[in-house]
There are 2 protein chains.
Amino acid sequence: MVDVQSVLEGNRLALSRLLSQIENDTLEGRQALAALFPHTGRAKLIGVTGAPGTGKSSLVNQIAYHLRNPEEGEPKKVAVVAVDPSSPFTGGAVLGDRIRMSSLSGDKGVFIRSMASRGSLGGLAWATAGIVQAFDAAGYDVVLIETVGAGQAEVEIARLAHTTLVVEAPGLGDDIQAIKAGILEIADILVVNKADRPGVENTERALKTMLQLANSTNRSDDQLVWETPIQCTVATDGQGVGELIEQISNHQAFLEKTGGLTERVRTRLAAELDLRLREGLITKWKERSADGLYEEMLDQLVDRKISPQEAVDQMVNGGNGK
Amino acid sequence: MVDVQSVLEGNRLALSRLLSQIENDTLEGRQALAALFPHTGRAKLIGVTGAPGTGKSSLVNQIAYHLRNPEEGEPKKVAVVAVDPSSPFTGGAVLGDRIRMSSLSGDKGVFIRSMASRGSLGGLAWATAGIVQAFDAAGYDVVLIETVGAGQAEVEIARLAHTTLVVEAPGLGDDIQAIKAGILEIADILVVNKADRPGVENTERALKTMLQLANSTNRSDDQLVWETPIQCTVATDGQGVGELIEQISNHQAFLEKTGGLTERVRTRLAAELDLRLREGLITKWKERSADGLYEEMLDQLVDRKISPQEAVDQMVNGGNGK
């Protein structure tokens, strides 16, 4: 049984149990999330995405460490959700947990949770949204949502965040796909990590050029525009991480000033509502449809007697015979 | 108007028009696909996935070239669908088209189509399935489905294929994520491309070790097991590509012998049916639900007055008041 009150009071064991319930999408987990939902909406959600090899995990560790040990002000309670959509089966996430513990271990103000994708992408995005809400309700000030790569899956997960960092690094491959135009549209801040490596100027220059191109087409003089900054960091020794955190604060202040925060929150909740509505509709359909209808349609499909669209038309409009 | 008969007869212009209709998910495109569906199920579908920088596109070009110019037997008609789920907006795919044309240009037996993701991942997987069916119906013997990366998005698209190649290359980064355990589960054949580069032995050895680990746990003596081969290639000069095509034939023969092909086709069609059923259900819900209900629920969600699950319960069970 999930102890919602203990979660609200910041009990780590209760929270940990809740996270497992959410990840396994149990009825109990859903009920607890519903009960916790009124207590959400306070945490700052920061997405961190980038290709493998950019040093995202080290950077996330450093950000967490800086937020725990600020030069001025109170330390923040920090949660990290590390999502690996490219590990659809098992293995990756657990190893990640062990590697990242070292610099933050023993700090009760930090909670790290790794998730590997199980089954569908929708399932992962859904579970991640739930996990983020649980941390939010449990009083974590900042939730760092780390995803591998910047594919569609990662983009959907990054949309959970208020501020999204896209991490690049010098010399990651000569492919034309190495730095993508599409990424600029989700990046609030571009980070060039491993900035002590050769080629950092090239990476920075390429990013700057792409930003200029994007800005020249999107520019509208009537409204305040966020100018995506490029921040160089060396996550292994913390160089540039303080400045990066300042950039994050600047972005959050910008969002609050321009009303962009409300807009992002609304977009995020709309995405979650869509996802759950689809799930709710299919569950209801399964309850109501005639036994074996689905399998029968699939058989006809395999024999090419009916097209997928015709099958669905029958299933949606004609098949609710129970 | 899509001319279904001309598509069946192999008319490239009609096919090209159809592909656009499918990509834009028009009613016309859907109707044409339904009409073409009985003519599908004959093409061999080969998935090719791997991280950026592994040289996938060159490899796909080479495979297409070899299938067009076989040492013995008839040349095959080859279609290539290049899907880039990590380019969710615009730009990437078009450039890809231009780069890949050189070695195959002018060959009427090859049809190359690049797709960038628009909107949701579901939309992309759906459109890709449709494009593959169109090529299949139009009489292409082999459809190569190329995706960037091996994230969840790519995994879902790779599942369209009968045989999936996962492409690695030496020296792609020191990250623990560079070679993923999860990838083994979708790979029917592992390709180490750029095999003329330093470090190829290390990459091969690492892959072999992982395969052995996977085999020792999955091994069942009662049934025929496909032993995932590792094939080294140099796509820039064609080295190893002939052998790779032989491995692909071996895999397809194995699938036919063990009944695995039917199973894969069924799984693939079930996935498509699921996707379309969800879409059909939400379309029907939108038609039937009271005007403004969705927005009203979203407002309550933003104000944290109701949880996402509660909202959906009301929308699915109580909201069909129209």
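Which residues in α13(A) meet which residues in α11(B)? The legends below start with that contact; keep in mind that this is a predicted model.

**Figure 1. Helix α13 of chain A packs with helix α11 of chain B.** From α13(A), the residues in the contact are A:P308, A:Q309, A:A311, A:V312, A:M315, A:V316 and A:N317. Facing them from α11(B) are B:E272, B:L273, B:R276, B:L277, B:G280, B:L281 and B:K284. Sort the residues of this contact by class and you get 8 nonpolar, 3 polar and 3 charged. As for the geometry, α13(A) covers residues 308-318 and α11(B) covers residues 260-288. The two helices pack at an angle of about 45°, and their axes are 9 Å apart. An angle between 35 and 65 degrees is neither roughly parallel nor roughly perpendicular, so α13(A) and α11(B) are oblique to each other. Their crossing is right-handed.

**Figure 2. Chain A as a whole.** Zooming out for a moment, chain A has 13 helices and 7 strands. It runs to 322 residues, and 54% of them count as buried. Take the contacts in chain A between residues at least 6 apart in sequence: 77% of these join residues at least 24 apart. The chain exposes about 14300 Å², with carbon and sulfur atoms supplying 48% of that area.

**Figure 3. Helices α10 and α11 of chain A pack at an angle of about 90°.** Here α10(A) is residues 241-258 and α11(A) is residues 260-288, with axes 5 Å apart. That angle is why α10(A) counts as roughly perpendicular to α11(A). On the α10(A) side, look for A:H251, A:L255, A:E256 and A:T258. On the α11(A) side, the partners are A:G260, A:L261 and A:R264. Class by class, this contact has 2 nonpolar, 3 polar and 2 charged residues.

**Figure 4. Helices α10 and α11 of chain B cross at roughly 90°.** Over in chain B, the axes of α10(B), residues 241-258, and α11(B) come within 5 Å. The crossing angle makes α10(B) roughly perpendicular to α11(B). B:H251, B:L255, B:E256 and B:T258 come from α10(B), and they meet B:G260, B:L261 and B:R264 of α11(B). The residues of this contact split into 2 nonpolar, 3 polar and 2 charged.

**Figure 5. B:H162 sits in a loop of chain B.** The loop in question runs between α7 (152-158) and β5 (163-168). Is B:H162 buried or exposed? Its relative accessibility is 7%, so B:H162 counts as buried, the cut-off being under 20%. Leaving out residues up to four places away in sequence, B:H162 touches B:A43, B:K44, B:L45 and B:D188, among others. Its contacts also include B:H251, B:Q252 and B:L255, as well as B:L261, B:R264, B:V265 and B:R268. Several of these names will be familiar from Figure 4: B:H251 and B:L255 belong to α10(B), while B:L261 and B:R264 belong to α11(B).

**Figure 6. A:L67 lies in helix α4 of chain A.** This helix spans residues 56-68. With a relative accessibility of 12%, A:L67 counts as buried. What does A:L67 touch, not counting residues up to four places away in sequence? Its contacts are A:P75, A:K76, A:V78, A:V142 and A:I245. For one of these, A:V78, there is a distance to go with the view: its C-alpha atom is separated from that of A:L67 by 7.4 Å. Along the chain, A:L67 and A:V78 are 11 residues apart.

Conventions: Residues numbered from 1 in each chain as written. Chains lettered and ligands numbered in written order. Predicted model: local features only at pLDDT ≥ 70, side-chain atom pairs only at ≥ 80, totals over all residues. Heavy atoms only, no water. Axes fitted to C-alpha atoms, helices over the stretch in contact; angles between N-to-C directions. Parallel < 35°, antiparallel > 145°, perpendicular 65-115°, else oblique. Left-handed = near helix turned anticlockwise from the far one by under 90°. Contact = heavy atoms within 4.5 Å. Nonpolar A, V, L, I, M, F, W, Y, C, P; charged D, E, K, R; others polar. Buried < 20%, exposed > 50% of the residue type's maximum accessible area, 1.4 Å probe, protein only. Areas by Shrake-Rupley, 256 points an atom, 1.4 Å probe, with all protein chains shown as cover.
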